[in-house]
Each structure stands twice: as structure tokens, then as C-alpha cells.
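Visitor: I'm new to reading protein models. Could you walk me through this one?

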Amino acid sequence: AQTVNPKRHLFDKPRQSLFKCENVKLVNVGRQSSSTAAQAEKGEDSLLKWLLLLIPVTTFGLGTWQVKRRQWKLKLIQELQNLTTADPIPLPRDPGELKDLEYRRVKVRGRFDHSQELYILPRAPVDPEREAREAGRLSSSGESGANVITPFYCTDLGITILVNRGYVPKNKIRPETRMKGQVTEEVDLVGVVRLTEQRKPFVPQNNAESNRWHYRDLEAMAKTTGAEEVFIDAVLESTIPGGPVGGQTRVTLRNEHMQYIVTW
């Protein structure tokens, strides 16, 4: 029998080599892809670990910063409280000197001009002991009334200033309801220097025409009454029987760092 040898084509061997090369390339690509994916997964794990580590470190740092801020704020509040209880000094003749004397006690002598009273409202009464304890915190006693601001002619200085005589409840805002306290003779009083304040968000605008004031705008108040831009809060001891209750100074520093420390 005659043996038939299959015909061999010229390109058979190169084709086999080509297939082998392609298979090798595919294997290499697969290995590289697996290696790249593994490296990417490892990088993501490392990043996640760093992020998880960063959270407690950041929280600890913020908490420590709040502790230091609270200590600084408490010290500042105490210093201001000390000013409001220090021995009074004579009111300087130059109003410009008052810029560095806020919360400082000063003494004056003169007469009130009750015909030009101004009313800052609504206001709640200040408890001096509670104020010293909770200075800067947002709180309310639930009562509502007004602070009575009265021009005061200083007989020794020859100028008229503004004095916050103190708090009156709603039913005592009108002067005729508290005539006993509307003294006309010369009096000595001690007050705490206050500077003008900016209107806070959501606080209504002052209305000079209707005599409704919501914050201390010394320029507008002085223009309305003809007084100098000098403002003092009469201390509790200067309260005149039957009149507004003095001692309505609030040390306006927010102190909520303990809440932040607990949060962090």
C-alpha cells in the first residue's frame, strides 16, 4: 500500500509559534493586571488605614485646642468681672480715653433728664451672682421688660452722658408708673463703661422715632438726646428706690468651649 504523506504548508510552523507568542502575551498581561489590581487594593487599604488613624488624632488635637481656648476665655471673663467690681475712678474728661476702659467702673455726679428717656427692649433682668457664674452663656430668666437709658448732666465735667439706670418690668416702662424713682436733685452714682455695639444677626433695627432700641448705638442715641457718645451702666448699689434696678451689665463673651470639648 502506498503511504500518503500529508502536505506540509509553508506557514504551519510560524502559525504555531505565533499562537504560542500570543498565549504567552496573554498570560503576561493577565499576570500584570492581577499584580496592578493587587497593588491598587493594597494602596486603598493603606489610605483607609491612614484616614482611620487621622480621625482620632484630629479629634484629640481639636479637643486639646478647645481646652486651651476655654482656659483662656475663663481667664478673660474673670479679668472683665474683676473690672466691673474694682474701685471706681473719675470719669475721664476726654471721651476718647474710654475706648480702653470698657467694663471699668467710673464715678460721676450730676442730674438726670427724665424727659428724654430711651428704652432698650426686650430685656431680662440680670442676676449679678448668676452673671458672674455664667458670663457669656445664652440664657434667659423668662421675664421681660426694658432697660431705661437716661441722659445725665455731669455737673463736675459740664457734659451730658447716657446712663443705663437699669431694668424695669413691662408694667413699669412708662415714667408715670415709677415717679418715686424720678429724682431731680443731684446724685452721685457709679457706673460701668460700655462702648457702642454692632447689631447682631436677627436683631431688629433701632427705631428712634418710636423710641424702641434693641442694641447700643451710641452715635444714634447721642444724636437723639443731644448727649455725648459716653455710656455707662449704673451699678446695683446706685439704684434709686422706686426706680430702675441697676447692675444690668452683661459680660458679652460667649463661653461654650466645654460643649465643644465634649463634642470632640
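**Salt bridges and a surface patch**

Guide: Sure! Keep in mind that this is a predicted model. Let's start with the side chains of Glu-186 and Arg-109, which meet in a salt bridge at 2.9 Å, N to O. That pair links distant parts of the chain, with Glu-186 in the loop between strand S5 (159-169) and S6 and Arg-109 in strand S2, 77 residues apart.

Visitor: Is Arg-109 buried, partly exposed or exposed?

Guide: Buried needs under 20% relative accessible area and exposed needs over 50%, with partly exposed in between. Arg-109 comes out at 34%, so the label is partly exposed.

Visitor: And what about Glu-186: buried, partly exposed or exposed?

Guide: Use the cut-offs again: under 20% is buried and over 50% is exposed. Glu-186 has a relative accessible area of 30%, so it counts as partly exposed.

Visitor: Which residues are joined into one network by salt bridges that share partners?

Guide: Asp-233 and Arg-194 form a salt bridge too, with their closest N and O atoms 3.3 Å apart. The network you're asking about, though, is built from salt bridges that share partners. Its members are Arg-109, Arg-111, Glu-186 and Asp-188.

Visitor: How many residues apart in sequence are the parts that Asp-233 and Arg-194 tie together?

Guide: Both of these residues are buried. They form a salt bridge, 3.3 Å between the closest N and O atoms. Asp-233 sits in strand S7 (residues 231-234) and Arg-194 in strand S6, so the parts they tie together are apart in sequence by 39 residues.

Visitor: How far apart are the closest N and O atoms of Glu-102 and Arg-194?

Guide: These two form a salt bridge, and the closest N and O atoms are apart by 3.4 Å. Glu-102 lies in the loop between strand S1 (89-90) and strand S2 (105-112), while Arg-194 is in strand S6 (residues 187-194), so the pair ties together parts 92 residues apart in sequence. Glu-102 is partly exposed at 23%, whereas Arg-194 is buried at 3%. So the distance you asked for is 3.4 Å.

Visitor: How many salt bridges does the structure hold?

Guide: We've met a few, including Glu-102 with Arg-194 and Glu-186 with Arg-109. For the whole structure, the count is ten.

Visitor: Last one: is Leu-47 buried or exposed?

Guide: Leu-47 lies in helix H1 (residues 12-85). Together with Leu-51 and Leu-54, Leu-47 makes a nonpolar surface patch of about 290 Å². Its relative accessibility is 54%, and the cut-off is over 50%, so Leu-47 counts as exposed.

Methods
Residues numbered from 1 in each chain as written. Predicted model: local features only at pLDDT ≥ 70, side-chain atom pairs only at ≥ 80, totals over all residues. Heavy atoms only, no water. Salt bridge = Lys/Arg side-chain N within 4 Å of Asp/Glu carboxyl O. Helix = DSSP H or I, 4+ residues; strand = E, 2+ residues; numbered from the N terminus. Buried < 20%, exposed > 50% of the residue type's maximum accessible area, 1.4 Å probe, protein only. Patch = residues over 30% accessible without salt bridge, like charges linked within 9 Å, V, L, I, M, F, W, Y side chains within 5 Å. Areas by Shrake-Rupley, 256 points an atom, 1.4 Å probe, with all protein chains shown as cover.
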